[in-house]
Amino acid sequence: MSYDLVVIGAGPGGYVCAIRAAQLGLKTAIVEKRKTFGGTCLNIGCIPSKALLYASEMFEEAGHGLAALGVKTSAPELDLPAMMKHKDDTVAANVNGVAFLLKKNKVDAFHGEARLAAAGKVEVSASDGSRQILETKNVVIATGSDVAPLPGVEIDEKIVVSSTGALELAKPPKKLVVVGAGIIGLELGSVWRRLGSEVVVVEFLDRVLPGVDLEVARQFQRLMEKQKVAFNLAHKVTGVRRTGSGAIVAIEPVAGGKPISIEADVVLVAIGRRPFTQGLGLEALGVAMERGRIVTDANFATNVAGVRAIGDVVAGPMLAHKAEDEGIAVAEILAGQHGHVNYEVIPGVVYTSPEIAFVGRTEEELKAQGTAYSVGRFPFTANGRARSMRHTDGFVKVLADAKTDRVLGVHILGHAAGELIAEACVLMEFGGSAEDLARTCHSHPTLSEAVKEAAMAVDKRAIHI
Ligand SMILES: Cc1cc2nc3c(=O)[nH]c(=O)nc-3n(C[C@H](O)[C@H](O)[C@H](O)COP(=O)(O)OP(=O)(O)OC[C@H]3O[C@@H](n4cnc5c(N)ncnc54)[C@H](O)[C@@H]3O)c2cc1C
């Protein structure tokens with residue numbers, strides 16, 4: 001069988017690339033080693049974690065948040081198997097949806113492990129041991145990423161778990177120690193905190209959420225502490241020792257000092273992810289790599305003709321929507337169009353309660369690059385819709401170029417921040433100014449008025465504060 005394009009890996013990068021290529025008339029195949037399509041994101045990442053985040057937030061609301069709205073409930077009871085079923089059903093609907101879309105777009109889908117046998121030849125090894133070669137003009141590698149291990153700590157997915165095991169716990173652990181205060185650790189820590197666990201987070205750095213605007217991260221940490229998530233910042237884990245039914249996590253201050261032992265029923269290792277390239281045959285083909293990632297140029301091409309790569313396996317933020325946009329861009333390039341990804345406008349979201357969403361530069365980045373900027377802030381306490389929902393935690397911050405007023409970054413801590421950030425992305429994609437945003441009519445009463453008011457505050461003319 002001969003193709004224009006064979007995509008390796010059916011995560012958000014790979015399956016979106018295959019569909020776009022097929023739409024553009026390329027004869028396309030996709031190879032996936034997992035039983036279902038959708039990659040990390042749909043099977044063990046974005047989708048199952050959001051299903052549990054939503055369900056656990058509802059549990060928390062039912063327990064604590066509804067009385068103040070005049071809704072009396074008796075103490076809610078956790079039915080964890082039903083919650084897990086909701087998660088599994090959500091995953092199944094999504095992965096089956098991808099299978100349907102591949103079929104609808106006439107993408108040939110192969111289940112098995114792919115290897116680049118030579119330029120233009122992809123070998124697929126199926127689980128029954130059979131092998132076949134797919135001939136192709138182009139290959140796009142979209143093999144994603146895997147959990148980064150903590151040296152010396154063995155993950156058994158029962159007591160010492162990665163994010164995958166943390167999505168499957170049979171009961172809320174009495175005490176959960178989360179290693180790493182990044183997005184995944186704090187999201188999954190939040191889930192189990194809401195379902196009854198005591199949660200302690202250990203982080204090497206002296207702050208939570210590295211990369212997130214510091215003012216936002218600090219305020220967020222205080223809100224998490226109010227939710228009874230404890231933090232040991234600037235501490236490193238020196239060992240995790242299994243005991244009978246749990247583990248002891250040994251930590252010590254990064255700056256030196258007294259070691260501490262924390263007993264845990266479950267330890268979640270969430271220190272990041274690393275690109276996955278094992279078994280692809282890249283070394284034999286001479287594909288250039290840098291710190292585990294495949295090196296690509298602006299057209300996603302590697303140094304080997306006919307081999308391109310996208311998603312978590314190449315440089316840039318390890319995010320599903322970044323992988324998807326790269327998938328579309330590379331397909332368009334292969335079809336002779338001008339596919340492009342604007343890396344300046346890739347939003348990020350932390351799906352905790354409240355949420356964090358951001359796009360563009362942080363204040364720290366603007367300071368470091370010596371850009372003069374103006375800041376507009378607006379708190380949700382001054383927003384009518386937020387008050388009506390009792391979701392008044394957090395604020396919106398708009399950062400604009402001091403000379404041109406062009407928006408350089410938007411940072412939101414608050415309810416539904418992940419939805420609110422979209423208008424900032426559109427604005428920034430069009431090179432818009434804070435004044436453009438401030439003069440755009442926003443519905444009343446909505447949380448999005450806080451975004452508009454923050455833009456007005458850049459010019460010190462917010463009305464409601
Ligand atoms: C718990 C968790 C929560 C997350 N939440 C979010 C979120 O809310 N938002 C967000 O944007 N991102 C989130 N992410 C990150 C997101 O999942 C990744 O950025 C995204 O999946 C990357 O897409 P990808 O297509 O590059 O790779 P992947 O989704 O990792 O897909 C790669 C696929 O390639 C397959 N594969 C690998 N090698 C081979 C081979 N040799 N042959 C055949 N198939 C192969 C793998 O089986 C896999 O299915 C989360 C991740 C985790 C772990």
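## Loop residues, salt bridges and ligand shell

Ala416 counts as partly exposed, at 21% relative accessibility. The class follows because buried means under 20% relative accessible area and exposed means over 50%. This is a predicted model, and the values below are computed from it.

**Backbone outliers**

Where does Ala416 lie? Ala416 sits in the loop between β24 (407-414) and α12 (417-429). Its phi is near 60 degrees, a positive value in a residue other than glycine.

Glu157 also stands out in its backbone. Glu157 is not a glycine, yet has a positive phi of about 60 degrees. The loop between β7 (145-147) and β8 (160-161) holds Glu157. Its relative accessibility is 30%, so Glu157 counts as partly exposed.

Two peptide bonds that lead into proline are cis. One runs from Ser353 to Pro354, with omega near 0 degrees. Pro354 belongs to the loop between β20 (348-350) and β21 (355-360). The other joins His444 and Pro445, where omega is about -10 degrees. Pro445 is placed in the loop between α13 (434-438) and α14 (448-458).

**Salt bridges**

How many salt bridges does a search of the whole structure find? The search finds 22. Why can such pairs form? Side chains of opposite charge can pair when their charged atoms come close. Three pairs are set out here.

| Pair | Closest N and O atoms |
|---|---|
| Asp108 and Lys27 | 3.8 Å |
| Lys121 and Glu135 | 3.2 Å |
| Arg377 and Glu215 | 2.8 Å |

Take Asp108 and Lys27, whose closest N and O atoms are 3.8 Å apart. Asp108 lies in strand β3 (residues 108-111) and Lys27 in the loop between α1 and β2, so this salt bridge ties together parts that are 81 residues apart in sequence. Asp108 is partly exposed at 26% relative accessibility. Lys27 is partly exposed too, with a relative accessible area of 40%.

Next, Lys121 forms its salt bridge with Glu135. Lys121 is in strand β5 (residues 121-125) and Glu135 in strand β6 (residues 131-141), so the pair ties together parts 14 residues apart in sequence. Lys121 has a relative accessible area of 31% and is partly exposed. Glu135, at 33% relative accessibility, counts as partly exposed.

Which parts of the chain does the pair of Arg377 and Glu215 link? The closest N and O atoms of Arg377 and Glu215 are 2.8 Å apart. Arg377 comes from strand β22 (residues 373-379) and Glu215 from helix α7 (residues 214-226), so the pair links distant parts of the chain, 162 residues apart. Arg377 is partly exposed at 38% relative accessibility. Glu215 is partly exposed at a relative accessible area of 29%.

Arg377 and Glu215 also belong to a network of salt bridges. The other members are Asp213, Glu363, Lys367 and Lys397.

**Ligand shell**

The ligand has 39 residues around it. Which of them come nearest? They are Glu32, Thr40, Lys50, Ala114 and Ala320.

The shell draws on several helices and strands. Each of α1 (12-23), β2 (28-32), α2 (39-44), α3 (46-65), β4 (113-118) and α9 (320-334) supplies at least two residues. The largest share comes from α2, with four residues.

What is the make-up of the shell, by nonpolar, polar and charged residues? There are 17 nonpolar residues, 15 polar and seven charged.

Backbone and side-chain atoms both take part in polar approaches to the ligand. A polar backbone atom of Ala114 is 2.9 Å from a nitrogen atom of the ligand. A backbone N or O atom of Cys41 lies 3.3 Å from a ligand oxygen atom. His321 uses its side chain: one of its polar atoms lies 3.3 Å from an oxygen atom of the ligand. How much of the ligand does the protein cover? On its own, the ligand has 1000 Å² of accessible area, and the protein covers 96% of it.

Notes: Residues numbered from 1 in each chain as written. Predicted model: local features only at pLDDT ≥ 70, side-chain atom pairs only at ≥ 80, totals over all residues. Heavy atoms only, no water. Near = heavy atom within 4 Å. Polar contact = N/O pair within 3.5 Å; in protein donor to acceptor, adjacent residues only side chain to side chain. Areas by Shrake-Rupley, 256 points an atom, 1.4 Å probe, with all protein chains shown as cover. Nonpolar A, V, L, I, M, F, W, Y, C, P; charged D, E, K, R; others polar. Salt bridge = Lys/Arg side-chain N within 4 Å of Asp/Glu carboxyl O. Buried < 20%, exposed > 50% of the residue type's maximum accessible area, 1.4 Å probe, protein only.
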